[in-house]
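Work through the exercises below with the model open. Each task is followed by a stepwise solution.

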Amino acid sequence: MCFADDAQFRALISSGLRERTGGVDVAALIAGWFADSTELALIDSKASEVGDRVHVAYRFDGVEEGEPYVVEQHLYCNVGDGVIERAELLCSGFRPRGV
């Protein structure tokens with residue numbers, strides 16, 4: 001798992017703020033966002049350091065309920081002992097592809 005057992009996570013998504021504590025709960029929240037996707041492809045990703053934090057950005061093309069979408073997320077996190085201890089995420093929302 002990429003999250004610490006006591007990870008702290010906050011995400012601003014199109015429907016509002018989501019917060020979770022604990023690696024299992026954080027991973028389940030993120031996995032749930034993509035659970036209904038019948039197709040999911042990583043289109044772009046990059047990582048860099050911002051002071052003492054790691055910035056990870058990624059974009060997916062997917063299909064959910066027959067509708068193609070694109071989504072981009074930016075994650076800022078503190079990493080210790082090889083796992084994410086704290087993270088804040090900003091999401092574009094699932095946007096129609098090709099519009």
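**Exercise 1. Classify cysteine 77 by accessibility, then decide which disulfides exist.**

Step 1. Cysteine 77 has a relative accessible area of 2%. Buried means under 20%, exposed over 50%, and partly exposed in between (1.4 Å probe, protein chains only). Cysteine 77 is therefore buried.

Step 2. This is a predicted model: local features need pLDDT of at least 70, side-chain atom pairs count only at pLDDT 80 or more, and totals for chains, interfaces and linings use all residues. Residues are numbered from 1 along each chain as its sequence is written, and side-chain values use heavy atoms, with hydrogens and water left out.

Step 3. Apply the disulfide rule: a pair of cysteine sulfur atoms within 2.5 Å. A search of the whole structure returns zero disulfides. For cysteine 2, the nearest cysteine sulfur belongs to cysteine 77, 8.8 Å away.

Step 4. Cysteine 2 has 44% relative accessibility, so it counts as partly exposed.

**Exercise 2. Find what arginine 53 pairs with, and place the pair in the fold.**

Step 1. Use the salt-bridge rule: a side-chain nitrogen of Lys or Arg within 4 Å of a carboxyl oxygen of Asp or Glu. The count comes to five salt bridges.

Step 2. Arginine 53 meets glutamate 88 in a salt bridge, at 2.6 Å from N to O. Arginine 53 lies in strand β4 (residues 53-64) and glutamate 88 in strand β6, so the pair ties together parts 35 residues apart in sequence. Strands (E, at least two residues) are DSSP runs, numbered from the N terminus.

Step 3. Check burial: both arginine 53 and glutamate 88 are buried.

Step 4. Extend the search. Arg10, Arg53, Arg86 and Glu88 are linked in a network of salt bridges.

**Exercise 3. Examine the salt bridges of glutamate 72 and arginine 97.**

Step 1. Glutamate 72 and arginine 59 form a salt bridge (2.3 Å, N to O). Glutamate 72 sits in strand β5 (residues 67-80) and arginine 59 in strand β4, so parts 13 residues apart in sequence are tied together.

Step 2. Glutamate 72 is partly exposed at 23% relative accessible area. Arginine 59 is partly exposed too, at 36% relative accessibility.

Step 3. Arginine 97 forms a salt bridge with aspartate 61, with the closest N and O atoms 3.7 Å apart. This pair links distant parts of the chain: arginine 97 is in the segment after β7 (95-96), aspartate 61 in strand β4, 36 residues apart.

Step 4. Arginine 97 has a relative accessible area of 34%, so it is partly exposed.

Key
Helices (H or I, at least four residues) and strands (E, at least two) are DSSP runs, numbered from the N terminus.
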